[in-house]
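Please open the model in your viewer and keep the selection panel at hand. We will go through it stop by stop.

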Protein chains: 2
Amino acid sequence: MKAEDNGRPRSRRLPREVRERQILDAAVEVFAARGFHNASMDEISEVAGVSKPMLYAYLGAKDELFIACVRRESTLLIETIGGAAESDLPPVEQLWRALRVFFEYVQRNRAGWTVLHRQTNSQGEPNVAELVEWRERAMVLIAELLARATDGSAQPMQPQQTEPFAAALAGAGEALADWWVDNPEHTADGLAMRLMNMVWMGFGDLVEGRTWTPAE
Amino acid sequence: MKAEDNGRPRSRRLPREVRERQILDAAVEVFAARGFHNASMDEISEVAGVSKPMLYAYLGAKDELFIACVRRESTLLIETIGGAAESDLPPVEQLWRALRVFFEYVQRNRAGWTVLHRQTNSQGEPNVAELVEWRERAMVLIAELLARATDGSAQPMQPQQTEPFAAALAGAGEALADWWVDNPEHTADGLAMRLMNMVWMGFGDLVEGRTWTPAE
DNA sequence: TCCATTACCTACTCGCGAGTAAGACTACGT
DNA sequence: ACGTAGTCTTACTCGCGAGTAGGTAATGGA
């Protein structure tokens, strides 16, 4: 009478594809909670409900596993934002949509976002290449969005203008997403609108009572 | 003929006070380059030009050493910004000065800034308390600055308005400081002015050619 | 029914790095 | 000259966690 002593009765003999997803899910969760270095393969395997050698067999060593997480999450996020921005709406509207889906993504996928955000900013890990690349793609996306927003306006912006602006905008968005954790009473839309107001109107306008509101 | 085999001839028998500074300097440097977890006490001791037990004797265990670094750097930064903002200049001008000294601090003290910034955002380390506290103080400082800037204007802002704005502003500043690393041709003043323009004017204004410039 | 393949596990090795034991050297006061 | 307080070192221990060796058991095709 050995039986399942304790814990969940480890679902057994699942096809590789399913296990890989479970492992990735667990890895994202643990990496988000502990950071790359403090996350142990043992804990990930435990959360995944699978033994450690499986991780190595399916996803490779620790940094490969981490990279797989980053790849999956960043692809999802970038495609989400890219999709929202690709339309023939006026550029301001595109920006508004992009911000909205960003905060919605963060809400639905806090762990994934944490991995992308918290780990990207903490260098010294062996992960550099993939993380740098995802950030790069995100920046290009945002910069394009901004550039389009100025096309045909009085002062079309040059890349050397939009680039730092894109960086600052991304930073503001990330900071707001962090702030959200401690102020969960706000909605994704509310956050997006706040940020839109800051970006589009600026403090000088807001103080004078000029605000931005989405078109109906 | 033992002699100094190699490397610098380790200055010997210095007073404690001096050694502590050397150790802190080395620690900040290494923590910035590698991150908390990847920094080894061995490397710090080597950079400091001192043997490992000295670190433990003078500054305590690894996390205590780290906390000492954070304390020193955050105090310096916050007092610098606080000092620049404390004046009876018009609020806009105060903000402008605060941004300027911030970027100047980052320029002069890249390693210290990296420790404060990169490590604060990467949780899972045992450092939480001190890092949370420093960020808290920084936020309060910025929020006050913003609140003052709206006093007596048409739409004085409530704390629940300034708080997320402060978070976003800080995030934008941090992101811009990061961006600076890859674009070192810019000056601290230039960066501060860019950010001031984003914060005060907003994209909508900039596109129309309305910009902010410092008063002479 | 038997073999091959694929899923999966227990139980290790082994290096790296935090932290320490135990003492050595120097300077200064008396 | 000699103790004592403070500086500083070499040379360890020891646990944690990455990665693996070597096997078991279920499934599906012949």
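In which helix of chain A is Glu136(A) found? Select residues 128-150 of chain A and you have the answer: this is helix α7, and Glu136(A) is in it. Keep in mind throughout the tour that the model is a predicted one.

Stay with Glu136(A) and add some company to the selection: Glu133(A), Glu163(A), Asp182(B) and Glu185(B). Together with Glu136(A), these residues form a negative surface patch. Colour by chain here, and you will see that the patch takes residues from A as well as from B.

Next, show chain A by itself as a cartoon. Its secondary structure consists of nine helices and zero strands, so to trace the chain along the sequence is to read α-α-α-α-α-α-α-α-α. If you want a sense of scale, the C-alpha trace of chain A spans about 80 × 35 × 30 Å along its principal axes.

Now go to helix α1, residues 16-34 of chain A, and show the side chains of Arg16(A) and Glu20(A). These two are four residues apart, about one turn of the helix, and their side chains meet in a salt bridge at 3.0 Å, N to O. Side chains of opposite charge can pair when their charged atoms come close. Over all chains, a search of the whole structure finds 20 salt bridges.

For the last stop, bring chain B back. A turn of 180° with a shift of 0.0 Å along the axis lays chain B on chain A, with an RMSD of 0.1 Å. The two copies are therefore related as by a two-fold rotation axis. To find that axis from chain B, select Gly202(B): its C-alpha is the nearest of that chain, 1.9 Å from the axis. Finally, select the contact residues: 98% of those in chain B recur in chain A, and the same surface serves both copies.

Technical notes:
Residues numbered from 1 in each chain as written. Chains lettered and ligands numbered in written order. Predicted model: local features only at pLDDT ≥ 70, side-chain atom pairs only at ≥ 80, totals over all residues. Heavy atoms only, no water. Least-squares fit on C-alpha atoms with pLDDT ≥ 70 in both. Contact = heavy atoms within 4.5 Å. Patch = residues over 30% accessible without salt bridge, like charges linked within 9 Å, V, L, I, M, F, W, Y side chains within 5 Å. Areas by Shrake-Rupley, 256 points an atom, 1.4 Å probe, with all protein chains shown as cover. Salt bridge = Lys/Arg side-chain N within 4 Å of Asp/Glu carboxyl O. Lys, Arg positive; Asp, Glu negative; His and termini not counted. Charge placed at Lys NZ, Arg CZ, Asp CG, Glu CD.
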